[in-house]
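Let's take a walk through this fold together, starting with its sheet and ending at one of its pockets. Please have the viewer ready.

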Amino acid sequence: MAGSVSAEVWLNQRRWDALEESLKAQGSNIERHLQDYLIKLYNETVPFDQWLQIENAITKEELESAQAAEDQKVYAAFHIREHGHDSIFSTGNGEEFLDVAIRLRHYVRGGASAVRGDFSHHFYKTQSITRERFDELAALRLENTGKVTGAFEIDLDAGWCSALNLADGWQTFKIKDVSTAAYHADRPRSIQRGEQWRKLVDYLYGRDIEPQTFGPVETRGIRPLMEGDLSFSDEIVLSGHELNFKYDFINDEARREVLGTMVDCPEPGDGLDILCHYDAARQDTGSGLSLTLYRHDGLEQRSFSYPLGKEERALLRKQMEADCLGRTGQTLNGYYAQLDLERGESPPELKGGYQKAAGRCGVLHR
């Protein structure tokens, strides 16, 4: 360790071996005990004023060293979707769009030089990050400090690639166009980097498409949702003109049969949020379940949707009505009206169900 000194001690080999064996049985070793003893001796022996001065100086030096190392780092941020799986990570390699385009071409074209695994495995010195951290790095990229060399969103399932341009913001291209541009930029192999950039930009000029966003991945199992599959978690949240009900499946077997294995929780502590929506304007359940898979360390989340059929929506409408009555003592419409009144917003315009007008009820067609 920098700024440290070592000390040499002597002990008969037989004594050393016996002591080492005994400490090993306790899950320790001689070096660890000696290190702990030195720290204890230092803490107990050095006068407090001197101890405090030394500790403050060491802490300051460590912080300055860490900051200097951080200042030397450059980052690139990635959000990649492939096979319905989202990988959000940063690298410390300083990748730019040119590098990513060439690497993407090698991946989609395959061949002997291709790295095994998904595209996210083609990057080195990676660190998983949250989507919030990704957005922070993207904002830092636009500040043009040189700290972030690129921010990229790539959906291999949908076939598009977005890169954050300093002047124009997010620019999105079809992956096949990025691959072709990389082919031109990488020929011949001895070409200078500036010329590579020129060829890449020239080919992609005018080929950008409408900005894309990551939508939830649709998932299905081997059977539809049936009565008794879901248990109410006793949570109802108002959002816009919707009441969101949080549900859980009664067991893992039912969840896999209905939702499939894409939303399995691979590690202990992982979790799956299941939301069903009641639309007060339409007076009906939403078109699907919203599913969010959370990793136990909070570094990753994936969004899925389960489309509801007509019978499933009717089943859920009945269950949500019963759960709302049991939880609040009110109907869905009554509870929504109460929450809406509390937040002081005007009621939604009805787009389904029945609406009173001129003293009679009329059916509003969707």
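What follows looks at the sheet, a helix beside it and a pocket. Keep in mind that this is a predicted model.

A good place to begin is the open sheet, whose six strands follow the order 3-2-1-4-5-6 with mixed pairing. At its edges sit strand 3 (126–128) and strand 6, each of which pairs on one side only. If you look from one strand of this sheet to its neighbour, the two are turned against each other by 25 degrees on average, direction ignored.

Now turn to strands 5 and 6. They run antiparallel and are joined by six bridges. For a concrete landmark, find Cys161 and look across to strand 6, where its bridge partner is Phe173.

Next comes helix 5, made up of residues 131–142. This helix lies across strand 1 (75–82), strand 2 (85–91), strand 4, strand 5 and strand 6, and it runs at about 130 degrees to strand 4.

Finally, which parts of the chain each supply at least two residues to the lining of the second largest pocket? Three of them are strands you can find in the sequence as 148–155 (strand 4), 160–165 (strand 5) and 169–174 (strand 6), and helix 7 (193–204) is another. The pocket has a volume of about 340 Å³. Its lining counts 19 residues, with Phe97, Asn165, Gln171, Trp197 and Val201 lying nearest the centre. Sorted by class, the lining of this second largest pocket holds eleven nonpolar, five polar and three charged residues.

Note on methods: Residues are numbered from 1 along each chain as its sequence is written. This is a predicted model: local features need pLDDT of at least 70, side-chain atom pairs count only at pLDDT 80 or more; totals for chains, interfaces and linings use all residues. Side-chain values use heavy atoms; hydrogens and water are left out. On a 1 Å grid over the protein atoms alone, a cavity is a set of points where a 1.4 Å probe fits but cannot get out, and a pocket is an open set with protein on both sides within 12 Å along at least five of seven lines; lining residues have an atom within 4 Å of a point. Grid points are joined across faces, edges and corners, and a volume is the space filled by probe spheres set on the points. Helices (H or I, at least four residues) and strands (E, at least two) are DSSP runs, numbered from the N terminus. Ala, Val, Leu, Ile, Met, Phe, Trp, Tyr, Cys and Pro count as nonpolar, Asp, Glu, Lys and Arg as charged, and the others, Gly among them, as polar. Two strands pair if DSSP finds at least two bridges between them. Axes are lines fitted to C-alpha atoms, for helices over the stretch in contact, and angles run from 0 to 180 degrees between N-to-C directions. Contact means heavy atoms within 4.5 Å.
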